[in-house]
Amino acid sequence: MGTMCLRRRCPGLIDVTNESHENPADHQYVVSIDDVTEELMACTCPHHVHRNAFCKHMAAVENATDD
Ligand SMILES: [Zn+2]
């Protein structure tokens with residue numbers, strides 16, 4: 001898995017950028033979480049949007065908030 005850069009935009013929204021791509025800006029997605037329970041809600045990437053998959057972006061957020 002490549003390097004994921006996480007940045008909390010505001011409560012419930014986290015920008016996830018895959019820095020391992022040549023153009024990281026083309027691979028920036030937003031993962032939304034419940035701002036109370038921090039439960040993962042959705043991601044804007046095609047993986048999740050089209051297949052409702054638990055994608056690597058959500059996994060990165062889960063790992064980051066698992067403290
Ligand atoms: Zn995703």
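## An unusual loop residue

Glutamate 38 sits in the loop that links β3 and β4. The model is a predicted one. In it, glutamate 38 has a positive phi of about 60°, although this residue is not a glycine. The loop belongs to the hairpin of β3 and β4, which has 6 residues between the strands.

Is glutamate 38 buried, exposed or partly exposed? It has 16 C-beta neighbours inside 10 Å, so it counts as partly exposed. Burial would take 20 or more such neighbours, and an exposed residue has 12 or fewer.

## Overall layout

The protein has 4 strands and 2 helices. Read from the N terminus, the elements run β-β-β-β-α-α. Along the principal axes, the C-alpha trace spans about 35 × 25 × 20 Å.

What radius of gyration does the protein have, and what would a compact globule have? A compact globule of 67 residues would come out near 11 Å; the protein has 11 Å, so the two agree. Of the 67 residues, 21% are buried. Take the contacts between residues at least 6 apart in sequence: 21% of them join residues at least 24 apart.

## The sheet

The 4 strands form an open sheet in the order β1-β2-β3-β4, and the pairing is antiparallel. Its edges are β1 (4-10) and β4 (40-43), each of which pairs on one side only. On average, neighbouring strands are turned by 25° against each other, direction ignored.

Start with β1 and β2 (residues 13-18). They pair in the antiparallel sense over 6 bridges. Leucine 6 stands opposite valine 16 of β2. Cysteine 10 has leucine 13 in β2 as its bridge partner. The hairpin of these two strands has 2 residues between them, and glycine 12 takes a positive phi near 95° there.

Next come β2 and β3, an antiparallel pair with 5 bridges. Here threonine 17 is partnered by glutamine 28 in β3. Finally, β3 and β4 pair in the antiparallel sense over 3 bridges. Valine 31 faces cysteine 43 of β4 across that pairing.

## Two faces of β3

Which side chains of β3 (residues 28-33) point to the buried face? They are Tyr29, Val31 and Ile33. Gln28, Val30 and Ser32 point to the other face and are not buried. The side chains thus alternate along the strand.

## The nonpolar core

In soluble globular proteins, nonpolar side chains tend to be buried together. The largest nonpolar core here has 12 residues. Among them are Tyr29, Val31 and Ile33, together with Ile14, Val16 and Leu40. Cys43, Cys45 and Cys55 also belong to the core, as do Met58, Ala60 and Val61. The elements that supply two or more residues each are β2, β3, β4 and α2 (56-65).

Which residues does cysteine 43 touch, once neighbours within four places in sequence are set aside? Its contacts are Tyr29, Val31, His48, Cys55, His57 and Met58.

## Helix α2 and its partners

Four residues of α2 need attention: His57, Met58, Ala60 and Val61 are buried. They lie on the same side of the helix, because they cover an arc of only 155° around the axis. The background is simple. An α-helix has 3.6 residues a turn, so residues three or four places apart point the same way.

What do the buried residues of α2 pack against? Their partners are β1, β2, β3 and β4, plus the helix α1 (46-51).

## The loop between the helices

Asparagine 52 lies in the loop between α1 and α2. This asparagine has a positive phi of about 55° although it is not a glycine. With 10 other C-beta atoms within 10 Å, asparagine 52 is exposed. Glutamate 38, by contrast, is partly exposed.

Terms used: Residues are numbered from 1 along each chain as its sequence is written. This is a predicted model: local features need pLDDT of at least 70, side-chain atom pairs count only at pLDDT 80 or more; totals for chains, interfaces and linings use all residues. Two strands pair if DSSP finds at least two bridges between them. Axes are lines fitted to C-alpha atoms, for helices over the stretch in contact, and angles run from 0 to 180 degrees between N-to-C directions. A nonpolar core is a set of buried Ala, Val, Leu, Ile, Met, Phe, Trp, Tyr and Cys residues joined through C-beta atoms within 7 Å. Two residues are in contact if their C-beta atoms, placed from the backbone, lie within 7 Å. The radius of gyration is taken over C-alpha atoms; the globule rule is 2.2 Å times the number of residues to the power 0.38. The arc is that of the directions from the helix axis to the C-beta atoms.
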